[in-house]
Amino acid sequence: MKLQILLSTYNGEKYICTQLDSIIAQDVEEKELLIRDDGSNDHTVSIIKAYTKLYSWITLYEGENIGVQKSFFDLINHADIDADYFAFADQDDQWFPEKTKNAIERLEKFSNEKPSLYCSDKVIVDEELNPVNITVHCIVNKITFANALVQNICTGCTTVINREMLFLLRQYVPKNAVMHDWWSYLLAAAYGNVYYDSNAYIRYRQHGNNVLGAQTTRIKLLKYRIGELIKPRGALYKQARELCTHYRLTDDKQEIIDKFLSAENSIIGRFRLLQDRRFYRQKKGDNLVFRLIVLFGKL
């Protein structure tokens, strides 16, 4: 069993050693680390090169600055297809030693012939890796394709996929994906298996330079929800449309996505979508906001 870890870096000199050390400590015998640097202009590359001299299984390639999402899709297309499993990694976290081993054990319960994705909860920490007093926890109920259309429960840095899932992602690089992790979750929900682990095996560092972060208090969550209502949307419809344009769906999945897309420009379609209980977000508060967003055409 071979694991390849895919890590995108950009100006990460402050935290990269902590992450690299935690990856080195992973309790997996056969592992590789493939790093793509996204045009850093600090000491990130020189730090990584020092690690590559010490560990032959760490490989670095440098690219121009294209942003974290495109950088991960580039990593996916450069991944070693001889590996059995692939893990996404951010540059500023710290993994528990058993993180990837635990994920692989869960994925091994699924057939290797179907695309499968593992993701998990995380321990929110500050810049110094001290736990943050979280008042908002992730609650995951039933995982469905309809849920994946309207909500992402998959945090990229917790994600591990099998080879069939990698092949599925390689079929097409989306232009309108909200993020690489949401696109991965959407495809896994459409074609294969999703395992959400409510346990946490990663310290998810929150600091001023996070590209995306966690909503760590109820006040921040409220602000986020209000922002969802007042800013122009359309991203989820674009993502869904791109999926059904470039991938062939089963009839039941196609019916779900058609119903979802019918709400974009039709008030009748919106009311029909709101009446369909297959479409929901995992938490009651989020679900209420979702329904208001749909009603006001802001999705």
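In the predicted model, the side chains of Asp80 and Lys2 form a salt bridge, with a nitrogen-to-oxygen distance of 2.7 Å. Asp80 is placed in the loop that runs between α3 (68–78) and β4 (85–89), whereas Lys2 belongs to the segment before β1 (3–9), so this pair ties together parts that lie 78 residues apart in sequence. Lys2 has a relative accessibility of 13% and therefore counts as buried, the limit for that class being under 20% relative accessible area. A search of the whole structure finds 14 salt bridges, and the pair formed by Asp80 and Lys2 is one of them.

Further salt bridges involve Arg278, a residue of the loop between α11 and α12. The side chain of Arg278 meets that of Glu255 in a salt bridge with an N to O distance of 2.9 Å. Because Glu255 lies in helix α10 (residues 251–261) and Arg278 in the loop between α11 and α12, the contact ties together parts that are 23 residues apart in sequence. The side chain of Arg278 also meets that of Asp276 in a salt bridge, here with an N to O distance of 2.6 Å. Glu255, Lys259, Asp276 and Arg278 are linked in a network of salt bridges. With regard to solvent accessibility, Arg278 is partly exposed, with a relative accessible area of 32%, and Glu255 is likewise partly exposed, with a value of 36%, while Asp276 is buried, with a relative accessible area of 9%. Such pairing is in keeping with the general principle that side chains of opposite charge can pair when their charged atoms come close.

A nonpolar patch was also identified on the surface, where Ile267, Ile268, Phe271, Leu288, Leu292, Leu295 and Phe296 together make up an area of about 670 Å². The elements that contribute two or more residues to this nonpolar patch are helices α11 (267–275) and α12 (284–295). Phe271, one of the residues of the patch, is located in helix α11 and is partly exposed, with a relative accessible area of 43%. This value satisfies the patch criterion of over 30% relative accessible area, so the partly exposed state of Phe271 is compatible with its inclusion in the patch. The two helices that supply the patch, α11 and α12, are also those between which the loop carrying Arg278 lies.

Definitions and conventions. Residues numbered from 1 in each chain as written. Predicted model: local features only at pLDDT ≥ 70, side-chain atom pairs only at ≥ 80, totals over all residues. Heavy atoms only, no water. Patch = residues over 30% accessible without salt bridge, like charges linked within 9 Å, V, L, I, M, F, W, Y side chains within 5 Å. Areas by Shrake-Rupley, 256 points an atom, 1.4 Å probe, with all protein chains shown as cover. Salt bridge = Lys/Arg side-chain N within 4 Å of Asp/Glu carboxyl O. Helix = DSSP H or I, 4+ residues; strand = E, 2+ residues; numbered from the N terminus. Buried < 20%, exposed > 50% of the residue type's maximum accessible area, 1.4 Å probe, protein only.
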